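Q: Please explain how the descriptive terms applied to this model are justified. Each term should be set against its criterion.

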Amino acid sequence: MQHEHPPSRLPFLKMHGLGNDFVIFDSRGSAAVVTPELARAIGDRNRGVGFDQLAEIRSSDMADIDLDFWNSDGSRAGACGNATRCVGRLILDETGKDEVTIRTERGILIARRAGDEVSVNMGHPQLMWDEVPLSRPVDVEHLPLDGDPVAVGMGNPHVVFFVPNAEETDVAGWGRKVEFDPLFPQRTNVEFAEVRARNEIRMRVWERGTGITLACGSGACATAVAANLRGLTDKKVRMEVDGGWLTLDWREDGVWMTGPTQLVFKAEFDASFLERV
Ligand SMILES: N[C@@H](CCC[C@H](N)C(=O)O)C(=O)O
């Protein structure tokens, strides 16, 4: 990290939502600290802490907080639903409010208490291949899948494949190939969805910039939208991901996602670690 005087203390939190895990910095009232190099160093699960995304809380003049996201390969993510729920939990508890606003690259999102869980309005989906109007054949060699996926933007790109059996799908093999397919100039997150009923989906995910994760909130929203647009499900569904269950509800005002959050620990980086980044 290029600091003339590297900080001697850099506190952080570790949280997860359904096993989608995050390192979180609170940089309110000070300069932003995250660089691509720092994100990669901290994201190293052997030599750093490890995370699926790194989230940095910033002071905001438009919402309760601003929030930026980074993947473990050092790239930026425009949206992260599960980290938004986790940080939403922190700010709900800090303020004692029932509803808070969080400004992300995606826009201002609302996080609300929902019993023990947190709901976030992830906003309106964008259909990325609207000329087709929903989907486009993807020519991935020997793809043992429905080659007619739906591309949905939730502030970040997603492509949803419908599969007969999510457990038997080679998520790593196909996910990596599709992420880097030239059809997706910004690369893409890749979801594999098995529709179990009109109100239930099993979904597994390959995240752009990170790989397989136990859950992906924006991916869950994209999957719920894609399945509804295909006429396969209702607007409200329960979704089983590798890390547990989420509820998705596509309403007039956006896609609401509800699920659990967990604070794991609070710690701080040693100055010697920061000096070597
Ligand atoms: N885990 C996230 C999404 C992560 C962002 C993604 N890897 C990207 O680059 O867009 C979520 O919960 O939404």
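Q: What makes the shell around the ligand a matter of both domain 1 and domain 2?
A: In this predicted model, the shell draws at least three residues from domain 1 (10–122 + 261–276) and at least three from domain 2 (126–252).

Q: Which residues come nearest to the ligand?
A: Of the 19 residues around the ligand, these are A77, N82, N156, G217 and S218. The elements that give two or more residues to the shell are α2 (81–95) and α4 (217–229), and α4 gives the most, with three residues.

Q: What is the make-up of the shell around the ligand by class?
A: The shell has twelve polar, four nonpolar and three charged residues.

Q: Why are α2 and α4 called oblique to each other?
A: The two helices pack at an angle of about 120°. Roughly perpendicular covers 65 to 115 degrees, and roughly antiparallel requires over 145. The angle of about 120° falls in neither class, and α2 and α4 are therefore oblique.

Q: How do you know that α2 meets α4, and which residues take part?
A: The criterion for contact is C-beta atoms within 7 Å. On that basis G81, N82, T84 and R85 in α2 meet G217, S218, A220 and C221 in α4. By class, this contact has five polar, two nonpolar and one charged residues.

Q: How many residues are in contact between domain 1 and domain 2?
A: 21 residues of domain 1 are in contact with 20 residues of domain 2. On the domain 1 side, the largest share, four residues, comes from α2.

Note on methods: Residues numbered from 1 in each chain as written. Predicted model: local features only at pLDDT ≥ 70, side-chain atom pairs only at ≥ 80, totals over all residues. Near = placed C-beta within 6 Å. Nonpolar A, V, L, I, M, F, W, Y, C, P; charged D, E, K, R; others polar. Domains from an automatic or database assignment. Axes fitted to C-alpha atoms, helices over the stretch in contact; angles between N-to-C directions. Parallel < 35°, antiparallel > 145°, perpendicular 65-115°, else oblique. Contact = placed C-beta atoms within 7 Å.
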